[in-house]
Amino acid sequence: MSGHPSTYEPKNGFTKWMDQRLPIIRMGADFMTYPSPRNLNYWYTFGGILTLCLVAQIITGIILAMHYTPSVDAAFESVQRIKRDVPFGWLLQPMHAVGASMFFFAVYIHMFRGLYYGSYKAPREMVWILGCVIYLVMMATGFLGYTLPWGQMSFWGATVITGFFGAIPVVGESVQQWLLGGYAVDNATLNRFFSLHYLLPFVIAAIVGLHVWAMHHAGQNNPVGIEPKSKEDTLSFHPYYTAKDFFAICIFLLIFAYFLFYYPDSLGHADNYIEADALETPAHIVPEWYFLPFYAILRAVPSKLLGILLMFAAVAVLFILPWLDTSKVRSMRFRPVTKLWFILFVIACFVLGWHGALSPDDPVMGVKSVWWSRAATLYYFSFFLIILPVMGLIETPKDRPDSITKSVLGEASS
Amino acid sequence: MKTSIKTAIIGAFTLIGAAFAGTTIANAAGDSESDYEMKHIHWHFDGFRGTYDRAAMQRGYQVYKEVCASCHQLKFMSFRHLGDKGGPFYDEHFKNPSDNPVVKGLAGDWEVTDIDLDTGEEITRKAIPSDNFPAIYSNKIAAAASNNGKAPPDLSVIVKARSGGADYIYNLLVAYDEEHPTENPVFGGQIAMAAPLYEDAVEYADGTPATVDQMAKDVTEFLAWAADPKMEQRKSLGLAVMIYLLILTILAWFTYKQVWRNVKH
Amino acid sequence: MSVHTENSHEVIDEDKRDFIYIATGTVVAAGAAGLAWPLVMQMGKAADTLAAGAIEIDLSKVVEGQQLKMLWRGAPVFVRHRTAAEIAEAESVDVSDLKDPQTDDERLVPNPAGKLEPQYLVMVGVCTHFGCIPVAEQNKVKPQGEFGGWYCPCHGSHYDTSGRIRKGPAPKNLKIPPYEYISDTVIKVG
C-alpha cells in the first residue's frame, strides 16, 4: 500500500515463509517506515485521529447493536434500557453519540487543512476525491444513525431528509416512498435505516483504505506544498509521526472525555428525548450540528427544489475542486491574498452553521437570519467557482523555499 | 509549530463555545415573550462533582407518587431502579436493589396488571421491585381524552426532553398564575395541566414544610435523577479518566520530544 | 532506532529515553485494559434480566401422576407430582451404580416443617447433554424412556423417576433449581 521501495527484510524462518506467500508483514513494515515529509504540523495529525474515531465508532456501534431493537414500538425503550440496565450501557451509548460529533469535528478540521495546504492538487486529486466520498458516506451514516433512537428529531429529521427526494420532478414521490418503504417514515424505514447504518461504516473503512493507498502512492503533501527532494526531507512514519499523532490523539481524547462525561447531551437536541410521534412535529426542527451549514444553504433559497440542488451542489463542488483551483502553488502560506479569502471562507462556513440553528426569521444584528444564510451561501459558492479559479491566474505567490529541509531550517527561528 | 498548537486549542474551545451557544440559542427560542423571569436554581447535581441530594429525591418521589402519578407515568423505570446506586433509596447493604426492603415496600404501594398463570386472565396484583411503573391509561388516545385533549407526557426522561432541563421543569411548576390556573408563562400560554401543586399537597415525613417551591424543587431533583440515573457514576469515572488522560498526555508529550530530539523542525 | 553514543552525556539521555517510553507504554497498556473491561462486560446480564428472577408455583394444583411445566429464566421448570410407585422406584436404586450418584432425598428441598415431600419433584427441564427438553408423556408418540422418568428425544438420554441420568450421552442428572417453600403448598423458584 505504500509507494516507496521496501526496506523490510524477513529475519526468521516464519517471516521468510510468510513473505513468499502473503507479504502482509512487509506491508505493515513498509507502512510504518513510510517516508513522510519532515515538516508536517499538528493539522496533519487529524488523519490518525479520524482513524481512531472510525474504529471507536465501529466498536461501540457493534456493541450497541447487540442491545438495540429496531422497531418503532421498542427502539426508544431499548435505548433507555441500554442507558439504565445494560452493564456499562450508560457509558457506551453516549460514547457512540458523542463520538459521532467528535468524528465530524475532526473531519471538518481535516478538510479545512486539505483546503488550506492545497492537498487536493495534482497528483493528489484521487486522495481528495476519495476523501469527499468518505465524507458523503459519513453524512449518510450520521443521518441514518440519528434516526435509530426514534426520538422526535429522529423521526422528523428522517421525514425532512427523505422529503428531499420527493422534490425530484415526476418520479420524486415514488422514489421517496421507495426509500421509506411506505407512505411515511415507519417501521420499514427504521429497519432499513438500521441495516444501512450498520453497513456503511464498513464501506467507509474500505474507502479509507483506498484513501490512504492513494496518499501513499502520490506521497503526502506538507505545509509548504513542495515535494520531498532528498532523503533529508523525509522522516520515517514510525516513530516520528506515530509519536506526534499519539500526542495529538491524547489531546483529542481529553476533549472527547470532557463532553462524554460532563456534557453528553450538549451536542444533541432535547426533543430527541421525546419518543417519535407521527401526529406532532416539534416546533423547531434542526439537524445535528454537523449538518447545520447545509441546512442553512437549503433554507437560503425560497424554492424547494432549488434549495435541495444547492445543498447537494455544496458537496458536489468539493469533488471538482482540484480543477477549479488554477494556482500552481499548493500551500496558502505562499498565497497572501487567497489566504485571506480562505479565512473568510472558514468564517462563512461558521456563519452558515450558526444560522442553520436559527429560525429563518430570527433577527441577528437587525437583519433576518435568512439573509445572513444567503450572503454566506453566496460566498461559499463564489469561493470555489470564482475566487479560486481567478486568484490562481492573477495572484503573485510569495517566494517559496527550495526544499522542505530549507524551509524547516530557515523558519526555525521565527 | 507553536502557533499551530495555539490555533488547535483555540479551535477546540470554539467548538465548546459553539456547543454552549447552541444550547443558549435553543433555550432562547423556547421561551416566549412574557414578564416571567426564569429562576436559575443552584442544583445539588450541578457541576463536575455534583451529586443528587438524596433527601430531596426521596421527598420528590413522594410528590411524584402523591401528585404527578395520577396522570404521568414513568414507563422506562422499574421500582428496583429506586434502590440502584445513585438512586433515592440506595442502601449499600443491598447491592441487588430487588432485595432492599424499602424498595420492596415502595413497590408494594403500587398495583400492576398481570396474567393469572392458571386461567390466563388479567389480574391486578401488588407490584414487586422488578415491575415497571404501571401505565395509567390504556393508550394514548384515552390519556388525551381524559386530560383536556393532551396526553400527559411520560416523565422518565422529561428533564432531558426539555431544553432548559431541571430549571425549566422547576419554573414550569412554580410559574402558575393563581387567577388563571390553566395559563403558564414558562409553557408559553395555555397549558392542559392545571396547577398541580398547592401548599401542603403532601405531608413530608421528615418535617420539611411542603411549600409549592419546596415540592417543585424536590420533584425536579427526583425527575432529574430519573432522566439521568447514572450521572454520579459517569462523573466519578469521568474524573478518573480525565486525570488518566492528563498523565498520558504529559507522557506522550515527553515521548514526542524524545523521539524528535535530534530532528530540527 | 539506533542512537549514536559518543560520550557519557548521550548514555544518560538514553536511560531517560527508555524510562519515558516504558512509562508511556505502561500507562497505555493500563488504559487499554481499563477500556476493555466495559467493552467486554456489557455482554453480561443486564439489570432487568437479573431482577426478573423468581416465580411462584402452587404445588397443590399439580394432580398426582401429572407434570407442570413453567417458564423460569427462559427455560422450563418441571414440577412432577409423583405416584407412590415412582417414588419407591426412585428410592430403591443403588446409588453407586449411577453415572451421577445422588439419592432421591438429595434432590428434594424440605418444606417449612423441615420435612421432605417426595411426591413433588422440581427440576430444570433441560437435558444436561445439549439442552433439549426431555419428554415425560407415557404414550407411543412420546415415550418416557426405559426408566419410567424422562427421555430426551434429541440424542437418546434416559432419566429415571428422580430425574437422574441412567442411559445415554447426558453427563449429569437433571438440575434442581434453587427453590424454597414459602407456604405449605407454594414454592418460590429463583
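I take helices as DSSP runs of H or I with at least four residues, and strands as runs of E with at least two, both numbered from the N terminus. The model is predicted, which I keep in mind throughout.

**Entry 1. Chain C**

I read the elements of chain C along the sequence and got α-α-β-β-β-α-β-β-β-β-β-β. That comes to 3 helices and 9 strands. I then looked up burial: chain C has 190 residues, and 36% of them count as buried. For contacts, I kept pairs in chain C at least 6 apart in sequence, and 50% of these join residues at least 24 apart. The accessible surface of chain C is about 10600 Å², with 57% of that area on carbon and sulfur atoms.

**Entry 2. Chain A**

I repeated the lookup for chain A and found 16 helices and 4 strands. Its radius of gyration is 23 Å, close to the 22 Å from the globule rule for 414 residues, so chain A is as compact as a globular protein of that length. I also noted the box filled by its C-alpha atoms, roughly 65 × 60 × 45 Å along the principal axes.

Burial in chain A stands at 56% of the 414 residues. In the contact list for chain A, taken at a separation of 6 or more, 79% of the entries come from residues 24 or more positions apart. I recorded about 18100 Å² of accessible surface for chain A, and carbon and sulfur atoms hold 70% of it.

**Entry 3. Largest cavity**

How many cavities of 30 Å³ or more does a search of the whole structure find? I got 2. The largest cavity holds about 160 Å³ of space. I listed its lining and counted 15 residues; nearest the centre are A:Phe143, A:Tyr146, A:Gly157, A:Ile161 and A:Pro287. Two elements of chain A, α6 (125–147) and α7 (152–166), each give two or more residues to this lining.

Which element gives the most to the lining of the largest cavity? It is α7(A), with 6 residues. I sorted the lining by class and found 11 nonpolar, 3 polar and 1 charged residues.

**Entry 4. Second largest cavity**

I noted about 40 Å³ of space in the second largest cavity. Its lining is made of A:Ala296, A:Arg299, A:Ala300, A:His355, A:Pro360, A:Ser369, A:Val370 and A:Ser373. Here the elements that supply at least two residues each are α11 (292–300) and α15 (369–394) of chain A. By class I have 4 nonpolar, 3 polar and 1 charged residues in the lining of this second largest cavity.

**Entry 5. A:Gln152**

I went back to helix α7 of chain A to look at one residue in it, A:Gln152. Is A:Gln152 buried or exposed? Its relative accessibility is 7%, and the cut-off for buried is under 20%, so A:Gln152 counts as buried.

I then asked which residues A:Gln152 is in contact with, leaving aside neighbours within four places in sequence. My list reads A:Asp271, A:Asn272, A:Ile274, A:Glu275, A:Ala276, A:Asp277, A:Glu280 and A:Pro282.

**Entry 6. Recap**

For α7(A) I have two notes: it gives 6 residues to the lining of the largest cavity, and A:Gln152 lies in it. For the cavities I keep the volumes of about 160 Å³ for the largest and about 40 Å³ for the second largest.

Terms used. Residues numbered from 1 in each chain as written. Chains lettered and ligands numbered in written order. Predicted model: local features only at pLDDT ≥ 70, side-chain atom pairs only at ≥ 80, totals over all residues. Heavy atoms only, no water. 1 Å grid on protein atoms, 1.4 Å probe; cavity = no way out; pocket = protein on both sides within 12 Å on 5 of 7 lines; lining within 4 Å. Points joined across faces, edges and corners; volume = space filled by probe spheres on them. Nonpolar A, V, L, I, M, F, W, Y, C, P; charged D, E, K, R; others polar. Buried < 20%, exposed > 50% of the residue type's maximum accessible area, 1.4 Å probe, protein only. Contact = heavy atoms within 4.5 Å. Rg over C-alpha atoms; globule rule 2.2 N^0.38 Å. Areas by Shrake-Rupley, 256 points an atom, 1.4 Å probe, with all protein chains shown as cover.
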